[in-house]
Every structure is written in structure tokens, then in C-alpha cells.
Amino acid sequence: MELNSRQRKIKYAVLALIILALDLLQNVGGLFPEIFGARCFLLIPAVIFISIGEEPFKAAMLGLFAGLLWDLTSLVHMGFNCLFFMLICYFTSALTIFVARDTFITNIIISSAVTVIYCFVYWLFFILIKGVDGGELTIITFYLPCAIYTTVVSLALYALWKPVKMKLNNIKAQSFEG
């Protein structure tokens with residue numbers, strides 16, 4: 001079912017508010033629990049779940065917005081998250097339009113893979129290459145636990161996201177009358 005102009009505006013305003021709320025939960029200390037020093041990167045599965053089923057350009061813009069919010073709280077890597085999320089959201093959207101279907105397994109696999117890729121790329125560019133003292137082991141002591149924590153939380157996040165997505169896309173249950 002195609003959304004009209006008013007419904008699209010409401011949909012993207014709600015998506016922006018969801019991204020903003022998750023950014024605050026993730027980046028304001030004490031709002032979301034840390035487990036043994038591992039942080040949950042809530043924005044990664046959120047932008048993946050939002051991107052799946054969207055048009056590639058719109059998905060890329062939502063990713064850019066999420067990356068901008070994350071970059072605003074960082075002093076180290078200005079612009080990295082914007083570029084990373086924009087590209088990942090674009091390719092995720094294109095992948096699910098042309099190759100894969102929007103299923104639970106697809107959402108979780110893509111979200112988990114992107115989380116691991118993000119952690120590795122961030123560690124490589126901003127820890128290892130910069131030559132941070134003792135940074136070699138942070139892949140095991142910090143980034144891997146963060147990736148696992150984020151993947152586990154993404155299961156619950158998906159369960160919360162699916163009904164919201166159906167409501168925003170105005171999908172009604174179809175009856176099968178024979």
C-alpha cells in the first residue's frame with residue numbers, strides 16, 4: 001500500500017525521533033547499561049532494521065542522519081559514522097530489494113555482520129593505525145564484547161521494531177478467504 005504525503009512525513013518524523021532517542025540512550029552515560037565495560041551500539045541495528053525495506057536513497061539519508069548524531073558526540077572521528085552508516089544503509093537497502101527478503105534471519109544476520117564490521121574498521125582506523133598504546137588487545141577486550149552485546153540486544157530491538165514498522169508502513173493484516 002502506497003503512503004500519501006502526510007503519512008510519509010509522519011513516518012520519517014517518527015523514524016528520526018526513534019534514531020534520536022536511540023542515540024541518546026547509547027551516547028549519554030548511564031542511560032543504557034554497560035556490561036563489564038562493554039557498550040551497546042544501539043544505532044547500528046536500528047539503522048539496519050530501518051533500512052531494510054526502504055528505498056536506497058531514503059535509507060542512505062536516514063543512515064547519514066544517524067551517523068551525524070553519533071559523530072556529534074565524538075571528538076575523535078568526525079565524519080566516520082556519517083559515511084559508514086550512509087554507505088551501509090544504502091547497500092543494505094539495495095541488498096534487500098534485489099537479493100534478499102525482509103525476514104527475521106536477514107535482519108539479524110545483516111545487523112550482526114555490520115556490527116562486527118563496524119567494530120573491526122573502527123578499531124583498525126582509530127586505534128591500531130593511530131598507534132594507541134595497548135590498542136592491539138582492545139579488539140578482544142572491548143570491541144568484540146561490544147559486538148556480542150549489540151548483537152544480543154538487537155534481537156530484542158527487532159521484536160520492538162517489527163510492529164512499529166508495520167504501523168508506519170500502514171500494513172494491514174490480510175484475510176485469506178477462500
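## A tour of salt bridges, a helix crossing and a surface patch

Start by selecting Glu54, which counts as buried because its relative accessibility is 6%, under the 20% limit for that word. Keep in mind throughout that what you have open is a predicted model.

Next, add Lys11 to the selection: this residue is also buried, with a relative accessible area of 8%, and it forms a salt bridge with Glu54 in which the closest N and O atoms are 2.6 Å apart. The pair links distant parts of the chain, since Lys11 belongs to helix H1 while Glu54 sits in the loop between H2 and helix H3 (56-72), 43 residues apart.

A search of the whole structure finds three salt bridges, so two further stops follow. Select Asp102 and Lys165, whose side chains meet at 2.4 Å, N to O; Asp102 lies in the loop between helix H4 (80-98) and H5, and Lys165 in helix H6 (residues 138-168), so this bridge ties together parts that are 63 residues apart in sequence. Here Asp102 is partly exposed at 31% relative accessibility, whereas Lys165 is buried at 10%. Then select Glu55 and Lys58, where the closest N and O atoms are 3.7 Å apart.

Now show helix H2 (residues 43-51) together with helix H5 (residues 104-128), whose axes come within 9 Å and cross at roughly 135°, which means that H2 is oblique to H5. The crossing of these two helices, H2 and H5, is right-handed.

Finish on the surface by selecting Leu17, Leu20, Leu24, Leu25, Val28 and Leu31, which make a nonpolar patch of about 490 Å². Among them, Leu25 is found in helix H1 (residues 5-27) and is partly exposed, at 31% relative accessibility.

Definitions and conventions:
Residues numbered from 1 in each chain as written. Predicted model: local features only at pLDDT ≥ 70, side-chain atom pairs only at ≥ 80, totals over all residues. Heavy atoms only, no water. Patch = residues over 30% accessible without salt bridge, like charges linked within 9 Å, V, L, I, M, F, W, Y side chains within 5 Å. Areas by Shrake-Rupley, 256 points an atom, 1.4 Å probe, with all protein chains shown as cover. Salt bridge = Lys/Arg side-chain N within 4 Å of Asp/Glu carboxyl O. Helix = DSSP H or I, 4+ residues; strand = E, 2+ residues; numbered from the N terminus. Buried < 20%, exposed > 50% of the residue type's maximum accessible area, 1.4 Å probe, protein only. Axes fitted to C-alpha atoms, helices over the stretch in contact; angles between N-to-C directions. Parallel < 35°, antiparallel > 145°, perpendicular 65-115°, else oblique. Left-handed = near helix turned anticlockwise from the far one by under 90°.
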